[in-house]
Amino acid sequence: ILSGLSGASLAVSAEHENDCLTGLRLSPLEPATIYAAKVAGAALTMAVSQAATLLLLVLFFNLQFDLNLLRLIPVLLLGTFGLCAISTLLGTVTSRLRAGEMLLALLAAPLYVPELIAGVKASAAVLGGASLTAVVLPLKILAACDLLFAVCGYLLFEYLAA
């Protein structure tokens, strides 16, 4: 989580230092489209690192490549998307500040806690071999948090990036 937050902060601060965001705002693209592209780029980067981490977890903890591991993929994707949505939005806010990286972690961590708890419960249920009914509630919470973060970012990015 902290590496994802710092990566988002570095990406946004690099754009702010080079004044790339102003160029993007001057383009005919809507600000919401720019936000969606930023979230998609961050999610793709984090998904690649998650795949490598998952491979290492399987090797080090002697997990089996079976259906339980495949059932973990939706949990990981929903958690990644939520973290990318909130970190991109808050990274835009904190990019202009002197201690922006630290402030981003302090702002995003409490907002991400419900999604983190739901992700841990869903992951534990999936890896424990529980039925799909045990995973439905945490997945609904993950999806609701993702929807909330994405809609807030989609609506507010125009005003926060100015």
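Q: What does contact mean here, and which residues does Gly82 touch?
A: Contact means heavy atoms within 4.5 Å. Not counting residues up to four places away in sequence, Gly82 touches Tyr112, Glu115, Asp146 and Phe149. A word on the source: this is a predicted model, where local features need pLDDT of at least 70, side-chain atom pairs count only at pLDDT 80 or more, and totals for chains, interfaces and linings use all residues. Residues are numbered from 1 along each chain as its sequence is written, and side-chain values use heavy atoms, with hydrogens and water left out.

Q: Is Gly82 buried or exposed?
A: Buried means under 20% relative accessible area, exposed over 50%, and partly exposed in between (1.4 Å probe, protein chains only). Gly82 has 0% relative accessibility, so Gly82 counts as buried.

Q: How do I read empty space, and which residues line the largest cavity?
A: Rolling a probe the size of a water molecule over the atoms shows where empty space is left. On a 1 Å grid over the protein atoms alone, a cavity is a set of points where a 1.4 Å probe fits but cannot get out, while a pocket is an open set with protein on both sides within 12 Å along at least five of seven lines; lining residues have an atom within 4 Å of a point. Here the largest cavity is lined by Val12, Glu15, His16, Leu21, Thr92, Ser95 and Arg96.

Q: And how many residues line the largest pocket?
A: The lining holds 36 residues, with Met46, Gln50, Leu76, Thr80 and Leu83 nearest the centre of the largest pocket.
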